[in-house]
There are 2 protein chains.
Amino acid sequence: MDATTIISEIASKASAASTTLSTSTRQERDLVLTKIADGLEKNSDLILKANQIDMQNAKAAGISQSLQDRLLLTTKRIMDMAAGAREIAKLPDPLGRVLIERNLDNGLNLKQLSVPFGVVGMVYEARPNVTVDAAVILIKSGNAALLRGSATASESNKVLVDVIRTAFAGSKISQEVVQLIPSDDRSTVSALLTAKGLVDLVIPRGGAELIRSVVENSTVATIETGAGVCHVYVDKSADLSKAIAILINSKCDRPSVCNAAETLLIDQAISDSFTPMALKALAEAGVVINCDLPTKKIADQIAVATKLATEQSWSTEYGDLEINVAQVDGVLEAIAHIAKFGTQHTEAIVAKDADAISKFTTLNDCAAIMVNASTRFTDGGQMGFGAEIGISNQKMHARGPMGLEQMTTTTWIVSGDGQIRQ
Amino acid sequence: MDATTIISEIASKASAASTTLSTSTRQERDLVLTKIADGLEKNSDLILKANQIDMQNAKAAGISQSLQDRLLLTTKRIMDMAAGAREIAKLPDPLGRVLIERNLDNGLNLKQLSVPFGVVGMVYEARPNVTVDAAVILIKSGNAALLRGSATASESNKVLVDVIRTAFAGSKISQEVVQLIPSDDRSTVSALLTAKGLVDLVIPRGGAELIRSVVENSTVATIETGAGVCHVYVDKSADLSKAIAILINSKCDRPSVCNAAETLLIDQAISDSFTPMALKALAEAGVVINCDLPTKKIADQIAVATKLATEQSWSTEYGDLEINVAQVDGVLEAIAHIAKFGTQHTEAIVAKDADAISKFTTLNDCAAIMVNASTRFTDGGQMGFGAEIGISNQKMHARGPMGLEQMTTTTWIVSGDGQIRQ
């Protein structure tokens, strides 16, 4: 069978089954999630064995250490996935929320309700935990899930999807709402991205290249996630010790993720006091520093090793312990720098001056602005969404972390007594 | 200059000016709208003269009567545009709404605010009033407007955009936020659709072919509007006289628009009583009837002229006084028919039975469901939005009528006191 036929069959099965999910009660959906958690716990040995095969193949293929780290499952990681499923079961039902209700003068009652998208495709890389996280969020939000993970994780994903599907036993909801898409051939991705009419939404989750490729090649609606060239701007009015803590947390807490900072912008009015502090703190934390000329002069004076930044540095998402540092002439120049090099993800300001904060929050165009807080807070869990399926840095539909509510769309129900339009 | 350079220059001008709009107060924006209304009223002679040139060219080019009707401006139509601008000035500010506010345990304050998209492109056809309607909605919602109308209306659009831009005199908001894109060459459309990074959103407004072409060729985000194959299902539990009124209003009130009905589905349990009533009422209203075999038999018995529907009839948006009629075995078969041939726009049920209504509202996948009301109510004005820029029948971002609120996106503002992620 060619990829288009495979996807068409899989998506049709999921679509046909999806009404058993979209019309289910939250109790029915939560019971499935709890059973998935049970199944993961009970079958951890089986899951670990499958993962070992993937790991052996990955090593034999000479796959990088960091990719191997992502691929690896441990008992703790499996228990974390199970705990995650139980947590999501406890969250409020994202479906059937009345978003707007109005009674019109002509007697019509108008309600805008949250409803599932229908069939959602996920395209992701080697992390097998995404298989469980995505399935659990999509089930809770009433969406059928077409899961296209990396070939590298295929054995792990097969067992995980078996465990997930087994959890539907005895439920009114059909197990066909969760489908694993074969990953032995890249053509299944293209077929998924062009299955308009069968698939309602595709979400890429992974590196910049994966996301770009999905968004550019998809005729199905997509939600663009992820690329994060995030900045920390330290204003002359900042509390400098807070600024250091925020800078180090933003850069070093988890450098590989999209809400990590890539560039520090320092108000030139405090370059004498703050720049040496910041450079020393970064160097102590093992961060490679790329900087502009004024900053380099200060670094050289205090014997902190730095490289001169190139034009390309400023738009690079390092995903690692590496940063850019530039001096700017106050908040407006910081905003101009961000407009030129940012990715509309998360921008942070450290300041006490209300006018600087106001300019920063109103003139930046991005998904999230942190005022005296770490860029790392742009996160569904941290923001109280309970879970997230990715972080959107597009302006349509969802902007910022996407939790359960963002995995729904709406329908208008207009109820009348025979009203016609005058 | 080639089209890409033209669009790049126009969009850059609009983008640079857009912060004067996004940071303006509602009073400043409303004053511009009021001045646009004044300008339209004062310059109606000038506008009519320009429109006469377009009309003469259209006639000389042998353009169809219905297109000429759309192109034509009259004093009343100009006064209606002015009145529309004044109405929109009175509506609540769609910007700066606090959509979510939370205080987190770690002391962070979290706000989700509504903000403009930035630069919005409109691609539309020969109706010059869209130039004013779109500009007014986009100004009110803080978005710079790139207006690409039809070449057929180019003289009218030039004068209208002059009137609009003149209204910014004396305002802090730059007139550069409204730009007319040259329409003498089709390549400006392609250039607009691929100006990613300069344009935040493109909305097509017009026929199915225009919409498909924009959505398929755009690398900029688009909102798909319009195609409406809407159904009226009459259940055996219906009040038949209300059903007739709803049917005739849905089909005949304004057959050219997307929320007009294209297909009547009759519960076979009432075909003896309702089908003859419906066929007679449609015929009296001058509606051409395409029907299935059971309906045709009834039509022949009562001597109402009908054609046998083809497979293609059921998915045709007539946009005219023409309809399909089919008999179905209850609400579930109606829903199956709609799933096969509908466009996820608006579906209506006429029924008293709560179970039939519940099935119809939960099992249909569409933007709006009318219960005992005309399909014509899927409309921003009718639903109390005050104005609409189109009707979205996609599931992302906006679904159904798009008013001012739908022309905004969001940003998260997270305010702290030095919080870092633990």
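1. Domain bounds come from an automatic or database domain assignment. On that basis, chain A of this predicted model splits into domain 1, covering 3–225 + 402–415, and domain 2, covering 230–382. Notice that domain 1 is written as two stretches of the chain. Taken over C-alpha atoms, the centres of domain 1 and domain 2 of chain A are 35 Å apart.

2. Next, have a look at the sheet, which takes strands from chain A and chain B. It is an open sheet of 10 strands with mixed pairing. Try tracing the order on screen: β1(A)-β2(A)-β16(A)-β13(B)-β12(B)-β7(B)-β8(B)-β11(B)-β9(B)-β10(B). The two edges are β1 (98–103) of chain A and β10 (307–308) of chain B, and each of these pairs on one side only.

3. Which helix packs on this sheet? It's α14 of chain B, residues 354–363. Helix α14 touches β16 (408–419) of chain A, and from chain B it touches β7 (230–234), β12 (346–350) and β13. The directions of α14 and β13(B) make an angle of about 160 degrees.

4. Now for the chain B edge of the sheet. Strand β9 of chain B (residues 288–291) runs parallel to β10(B), and 2 bridges join them. If you want a pair to click on, B:Asn290 has B:Lys307 in β10(B) as its bridge partner.

5. Helix α6 of chain A is a good one for checking helix geometry. It runs over residues 129–140, so 12 residues in total, and spans 17 Å from first C-alpha to last, close to the 16 Å expected at 1.5 Å a residue. How many of its 12 residues are buried? The count is 11, so the helix is mostly covered. Among them are A:Val130, A:Asp133, A:Ile137 and A:Lys140. Just after α6(A) comes A:Gly142, with a positive phi of about 80 degrees.

6. Two more residues deserve a click for their backbone angles. Most residues other than glycine have a negative phi. A:Ala303 isn't a glycine, yet its phi is positive, at about 60 degrees. You'll find A:Ala303 in the loop between α12 (293–301) and β10 (307–308) of chain A. B:Asn372 is another non-glycine with a positive phi, this one about 55 degrees, and it sits in strand β13 (residues 368–373) of chain B.

7. Are those two buried or exposed? A:Ala303 is exposed, because just 9 other C-beta atoms lie within 10 Å and the exposed label applies at 12 or fewer. B:Asn372 is buried, because it has 22 other C-beta atoms within 10 Å and the buried label needs 20 or more.

Definitions and conventions
Residues are numbered from 1 along each chain as its sequence is written. Chains are lettered from A and ligands numbered from 1 in the order in which they are written. This is a predicted model: local features need pLDDT of at least 70, side-chain atom pairs count only at pLDDT 80 or more; totals for chains, interfaces and linings use all residues. Helices (H or I, at least four residues) and strands (E, at least two) are DSSP runs, numbered from the N terminus. Two strands pair if DSSP finds at least two bridges between them. Two residues are in contact if their C-beta atoms, placed from the backbone, lie within 7 Å. Axes are lines fitted to C-alpha atoms, for helices over the stretch in contact, and angles run from 0 to 180 degrees between N-to-C directions.
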